[in-house]
Amino acid sequence: MPTSPAIRDYGSRQLLRFLLLTGGMYLLWFFGYEQWLALDGRLDLALCANIAQTSARLLQTAGFDAVVAPNNAYLLLMSGHPSVIVGIPCNGLVLYALFGGFVLAFPGPWRRKLWFIPAGMVLIWVLNILRVAALAINHSYAYQSVYFNHHYTYTFVVYGCIFGLWMLWAKRLAVYDRQHSAPSTTFAGA
């Protein structure tokens, strides 16, 4: 089915917009985070401590003997034994940025972006809490499978959920109302 030049032009503009925004956000991440915030370290360490503490509380609520080590805010103890250390690569910050950057760069109504991005980041944070808690349980009851689950199972689950959120955005929520949609294929007087 042939498409009109107006639709092809609209698609080209949207692709160029996406690529420019993505490139700009990468530069912002590189200079804002990699060259400044990461070197300072406080944001990363605060997130690591938050994930460890919240995971310990979740495990306590579920009836497990879990605490954060008194001398290490990033180490989760199960029954007094070291179980999980929440390191900087596992604090979720990159995932929040990746998720938010995609939604910002992808066309869609700003009103929806204003609630969907924070909601998605909260969901990713909750998934990370569940992941750390599950790893702590895994470490206590089936230590031999921790490596596999940490590197594969939980990574697949978390990235699968993020991909699902992206698809929800792209297929359902980024769609404008009819009066704001792509140029029409019908032309007056044609």
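Helix 4 lies across strand 2 and strand 3 in this predicted model. Its direction makes an angle of about 145° with strand 3. Helix 2 (residues 42–61) lies across strand 1 and strand 2. That helix runs at about 160° to strand 1. The sheet beneath this description is open, with three strands in the order 1-2-3.

**Overall make-up**

- The protein chain has five helices and three strands.
- Along the sequence, these elements follow the pattern α-α-β-β-β-α-α-α.
- The protein chain has 190 residues, and 33% of them count as buried.
- Among contacts with a separation of 6 or more, 64% join residues 24 or more positions apart.
- The exposed area of the protein chain is about 12000 Å². Carbon and sulfur atoms supply 68% of that area.

**The sheet**

- Pairing in the three-stranded sheet is antiparallel.
- Strand 1 (66–68) and strand 3 are the edge strands, and each pairs on one side only.
- Neighbouring strands are turned by 35° against each other on average, direction ignored.
- In general, strands of a sheet pair through backbone hydrogen bonds, either parallel or antiparallel.

**Strand 1 with strand 2**

- Strand 1 and strand 2 pair over three bridges, in the antiparallel sense.
- The two strands form a hairpin, with six residues between them.
- Val68 has Leu76 of strand 2 as its bridge partner.

**Strand 2 with strand 3**

- Strand 2 (residues 75–78) pairs with strand 3 over four bridges, again in the antiparallel sense.
- This hairpin has two residues between its strands.
- Ser79 sits in the turn and has a positive phi of about 55°.
- Leu77 has Pro82 of strand 3 as its bridge partner.
- Leu75 stands opposite Ile85 of strand 3.

**Side chains of strand 2**

- In a regular strand, the side chains alternate between the two faces of the sheet.
- Leu75 and Leu77 point one way from strand 2.
- Leu76 and Met78 point the other way.
- All four of these residues are buried.

**The two ends of strand 3**

- Strand 3 covers residues 81–85, and His81 belongs to it.
- His81 counts as exposed because its relative accessibility is 54%, and the cut-off is over 50%.
- His81 and Asp65 are 16 residues apart in sequence. Their C-alpha atoms are 10.0 Å apart in space.
- Ile85 is also found in strand 3.
- Ile85 has 59% relative accessibility, so this residue counts as exposed too.
- Beyond its neighbours within four places in sequence, Ile85 is in contact with Tyr74 and Leu75.
- Ile85 and Val132 are 47 residues apart in sequence, with 8.9 Å between their C-alpha atoms.

**Asn91 in the loop after strand 3**

- Asn91 is found in the loop between strand 3 and helix 3 (93–105).
- The relative accessible area of Asn91 is 2%, so this loop residue counts as buried, the cut-off being under 20%.
- Residues up to four places away in sequence aside, Asn91 touches Asp44, Leu47, Cys48, Ile51, Tyr96 and Asn128.
- Helix 2 spans residues 42–61, and the touched residues include Asp44, Leu47, Cys48 and Ile51.
- Helix 4 spans residues 110–141, and Asn128 is also among the residues touched by Asn91.

**A nonpolar patch on the surface**

- Leu58, Val122, Val126 and Leu130 make a nonpolar surface patch of about 300 Å².
- Helix 4 gives the largest share of this patch, with three residues.
- Val126 is found in helix 4.
- Val126 counts as partly exposed because its relative accessibility is 33%, and partly exposed lies between the buried limit of 20% and the exposed limit of 50%.

Key:
Residues numbered from 1 in each chain as written. Predicted model: local features only at pLDDT ≥ 70, side-chain atom pairs only at ≥ 80, totals over all residues. Heavy atoms only, no water. Patch = residues over 30% accessible without salt bridge, like charges linked within 9 Å, V, L, I, M, F, W, Y side chains within 5 Å. Areas by Shrake-Rupley, 256 points an atom, 1.4 Å probe, with all protein chains shown as cover. Salt bridge = Lys/Arg side-chain N within 4 Å of Asp/Glu carboxyl O. Buried < 20%, exposed > 50% of the residue type's maximum accessible area, 1.4 Å probe, protein only. Pairing = 2+ DSSP bridges. Axes fitted to C-alpha atoms, helices over the stretch in contact; angles between N-to-C directions. Contact = heavy atoms within 4.5 Å.
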